[in-house]
Amino acid sequence: MAAYLPLEIVQSILLHLDVETYIAARQTCRSWRCAASTPYMFRKALQQVPVSLPPTINTLTQDQWTAYFAQITRLNLLHCRQDIQKSVTQRDLPQECSPTTVVGTSADGRKLVSLKGGRATVYERVNLTNPWEYSRSITLCSQWTSVVRAMLEGGTAGCMSINQRYAKQSIAFSSQGDFIAVGLGRTIQIYSLRKDENLLSPAEYVLGQDNSLASTTRGHYEDTDGVVDSLEFADNDTLLRVSINKETTIHQPTRVRYLGCPDLAHNLPDLNYWQANINRIYLDSSSLSVALAGQDEYRLIFRGLRLLPPSFLATQQQEQEDQQTSPLTSRYFVASLQSGVIHSYCIGLATPLTSNSPQTVKVHRLLPSAYFRPGDGITGTRTEELPPLNPRLPASRCDEQHITYNLLDKVPRWNAANLPSATFPSPLLSISTDHKILALYEPSGNYSPAIVSGGSLYLYCLENCHPVYQPGPQRFKQPTQKTSLPHQRANSPDDKFSADARYPPPDIVPSWPFLLDKVPVDIDSLEVKRSTQDDGVVYLKSCAYTVTARSGGQVLEWRMSS
C-alpha cells in the first residue's frame with residue numbers, strides 16, 4: 001500500500017506533483033506528511049510559486065518552514081481548488097414574479113420584496129425549502145411623484161432623456177428585514193416595514209444635490225450627475241451602499257457612495273435615523289480618488305468600492321505611526337485602483353467625510369493583477385482564449401444541473417492570462433462573511449472580442465491575521481496592517497510602485513488569486529458565505545466557502561472544500 005512505501009519513494013513521487021496536488025498528498029496520512037515536510041521538499045514545492053524567498057531562508061528550522069509554507073498556502077488559496085462543485089438552477093421566485101421582476105432578498109433568504117411600478121410586495125417563508133407566501137404590499141406613490149415632477153421640469157426634449165435615465169429600478173432589503181430601499185433615477189427612498197413606523201413618510205435622498213461636498217474635498221471633484229444602479233444595506237443597516245452609473249463628470253461613468261452616519265446609530269436604526277441621516281455622505285469613491293491623487297498629473301479612480309466591516313479595523317495591530325495617523329473612525333475598503341501607473345485591486349484605509357478635517361486615504365496592499373504583479377517577475381498577456389468551465393444553463397424552471405470539476409486540469413494558476421485586469425468601470429466585489437475571501441466578477445474578463453456577455457470570476461485571500469514570516473532576527477511575529485507581508489525595499493526613489501509613500505512596497509509573498517470560473521451570462525449580484533454547518537446536502541459536509549452569483553432568473557453556485 002502507498003502508506004507503507006519507503007520515504008525516498010514517497011518523496012520521489014511528491015517531487016513530480018504540482019504544488020496544489022502536493023498539498024493534498026501531504027494531508028493523506030502521517031507517513032506522507034512526514035515525507036513532504038522536510039525543508040528540502042518545501043523548498044522544491046515553492047519553486048513553482050512566484051515567491052521571492054528571503055535570503056535568510058536557509059536558516060529556518062523545520063517548524064519555521066512548516067509555518068512559512070502554511071502562510072503561503074493560506075495567502076494564495078492553494079488548498080481551495082480541488083473538486084469545486086458547481087450548480088446552475090433557476091432562481092426561486094414567487095409565482096407572481098418573472099425573471100425580469102426587480103426583487104430584493106433579506107440576508108437570511110426568508111423575506112423577499114418585489115417591485116412592480118409604484119407597488120412593492122413583500123413575501124415570506126418559514127425556511128429555504130418552503131414556498132413563498134404573500135405578506136403585504138406597499139404603495140410607493142411619493143417616489144413616482146418625484147419622477148413625474150422631474151419629467152415635467154425637463155420639458156418635451158427632456159422627457160426622452162429622463163425616460164432613458166429613469167428606466168431602471170433598484171431595491172434592497174435590510175439585513176434585519178425592517179426596511180426596504182428603493183431607487184429610481186436619482187431618487188432614493190427608504191421605507192419602514194415595522195408596524196409602528198410604516199405609515200410615516202419615507203426617508204428620501206436625491207443624487208446630485210451635494211454642493212457642500214465639492215467645497216470640502218481637495219482637488220478636482222465633481223458631484224455626481226448619474227443615476228442609481230443598485231442599492232445595498234451595510235453595517236447592520238446603518239449605511240446604504242449606492243452604486244451610481246451613467247455619469248458624465250470627470251469621474252465617469254460609475255462611482256460608489258455610502259449614505260448614513262453609523263456614529264449616531266447607538267441601537268438598531270429606525271426610520272427616524274434614516275430620515276435624519278440619509279443625506280449624510282459617509283464615503284464617496286470619487287472623493288477618495290481625488291484625496292489620494294492630490295495634485296498629481298495622472299488621475300486615480302476607485303471602482304467597485306466596498307467597505308470592510310468595522311471589526312476588520314479592530315483586529316489589525318497597527319504600528320504606532322499608523323495609530324497616530326489613522327484614528328479608530330477610519331475604515332478599510334477594497335476596490336479596483338485604476339491610474340496611469342497602476343491597475344490593481346487593493347485594500348485601502350480612509351477617513352469618512354467630515355467638514356472639520358480633510359479626507360485622508362492610504363493604500364495598504366496591492367493585490368496581483370494582469371498589469372501589476374509585485375515582485376513575481378512573471379510576464380504574459382491576456383489574449384489567451386480559455387474554454388468555458390461551466391455547463392449550459394438550464395432552459396426551464398424544472399431543470400437543474402450540477403458539475404464537479406478540478407481547476408488544476410483547466411486553468412493554470414500562475415499564467416498571467418488568468419489574472420483579473422482591474423480595468424473595468426463596474427466590477428462586482430463581494431467579501432465573505434468571515435472577511436477572509438474577496439470574490440470579484442469582471443465582465444468579459446478574458447478580453448475576447450467574440451464574447452459580448454458574461455465574464456470571469458476570481459477569488460483573493462484577504463486574511464492577514466496569522467503569524468507572518470519577516471526577514472531578520474525576529475522571523476515570526478504578529479503582523480500589522482502596514483507590514484502584513486514581507487517587503488522588498490525600493491531600489492531607487494523613482495520606483496513609483498514602492499517608493500511612493502501612498503502605496504505599499506511589493507510583497508515577497510503575494511496573495512495570488514485564481515480564476516474560479518468563466519460564465520456566459522452577465523452577473524447581477526455576487527456573494528460569498530462561509531459554510532458553518534451541513535445544510536442537509538451530503539456533498540456540503542466539507543464545504544468551506546460557497547460563492548453565489550445571480551443572473552436574471554438564474555442562480556450559479558460554487559462550493560469549495562477546505
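This passage describes the overall make-up, one sheet, one helix, the salt bridges and some backbone features of a predicted model.

The protein contains 562 residues, of which 53% count as buried. Its secondary structure amounts to 11 helices and 27 strands. Contacts in the protein between residues at least 6 apart in sequence were also examined, and 59% of these join residues at least 24 apart. The surface that the protein exposes comes to about 25300 Å², with 52% supplied by carbon and sulfur atoms.

A good place to begin a closer look is an open sheet of four strands, in which the order is S10-S11-S12-S13 and the pairing is antiparallel. Strand S10 (227–234) and strand S13 (281–284) form its edges, each pairing on one side only. On average, neighbouring strands of this sheet are turned by 20° against each other, direction ignored. Helix H9 (residues 285–293) packs on the sheet, where it touches strand S12 (255–259) and S13. The direction of H9 makes about 60° with that of S13. Within the sheet, S10 and strand S11 (residues 239–245) run antiparallel and are joined by seven bridges. For readers following the pairing residue by residue, Ser-230 has Ser-243 in S11 as its bridge partner.

The loop that leads from S11 to S12 deserves a brief stop. Pro-253 is found in this loop, and a cis peptide bond, with omega of about 0°, joins Gln-252 and Pro-253.

The sheet also takes part in the salt bridges, of which the structure holds 12. One of them is formed by Arg-257 and Asp-223, whose closest N and O atoms are 3.0 Å apart. This pair links distant parts of the chain, 34 residues apart: Arg-257 is in strand S12, while Asp-223 is in the loop between helix H7 (211–216) and S10. Arg-257 is buried, with a relative accessible area of 0%. Asp-223 has a relative accessibility of 16% and counts as buried because the cut-off is under 20%.

A second salt bridge involves edge strand S10. Here Glu-232 pairs with Arg-306, again with the closest N and O atoms 3.0 Å apart. Glu-232 in strand S10 and Arg-306 in strand S14 (residues 300–307) are 74 residues apart, and the pair links distant parts of the chain. The two partners differ in their exposure: Glu-232 counts as partly exposed at 33% relative accessibility, whereas Arg-306 counts as buried at 13%.

Further along the chain, the side chains of Glu-527 and Arg-550 meet in a salt bridge with an N to O distance of 3.7 Å. Glu-527 lies in strand S25 (residues 525–530) and Arg-550 in strand S26 (residues 543–551), so this pair ties together parts that are 23 residues apart in sequence. Both partners count as partly exposed, Glu-527 at 25% relative accessibility and Arg-550 at 22%. Salt bridges can also share partners, and in this way Asp-223, Glu-247, Arg-255, Arg-257 and Asp-284 are joined into one network. The buried pair of Arg-257 and Asp-223 thus reappears among the members of this network.

Turning to the helices, helix H5 (residues 62–75) has 14 residues. From its first C-alpha to its last, H5 reaches 20 Å, close to the 20 Å expected at 1.5 Å a residue. The buried residues of H5 include Trp-65, Tyr-68 and Phe-69, along with Ile-72 and Leu-75. Gln-71, Thr-73 and Arg-74 of this helix are buried too. After H5 comes Leu-77, with a positive phi near 50°.

Positive phi values occur in two further loops. Ala-422, a residue other than glycine, has a phi near 60°. Ala-422 is found in the loop between strand S18 (400–405) and strand S19 (428–431), and is buried with a relative accessible area of 0%. His-435, which is not a glycine either, has a positive phi of about 65° and is placed in the loop between S19 and strand S20 (437–443). In contrast to the buried Ala-422, His-435 is partly exposed, with a relative accessible area of 25%.

Note on methods
Residues are numbered from 1 along each chain as its sequence is written. This is a predicted model: local features need pLDDT of at least 70, side-chain atom pairs count only at pLDDT 80 or more; totals for chains, interfaces and linings use all residues. Side-chain values use heavy atoms; hydrogens and water are left out. Two strands pair if DSSP finds at least two bridges between them. Helices (H or I, at least four residues) and strands (E, at least two) are DSSP runs, numbered from the N terminus. Axes are lines fitted to C-alpha atoms, for helices over the stretch in contact, and angles run from 0 to 180 degrees between N-to-C directions. Contact means heavy atoms within 4.5 Å. The expected span of a helix is 1.5 Å times one less than its number of residues. Buried means under 20% relative accessible area, exposed over 50%, partly exposed in between (1.4 Å probe, protein chains only). A salt bridge is a side-chain nitrogen of Lys or Arg within 4 Å of a carboxyl oxygen of Asp or Glu. Accessible areas come from the Shrake-Rupley method with a 1.4 Å probe; for residues, only the protein chains shown count as cover.
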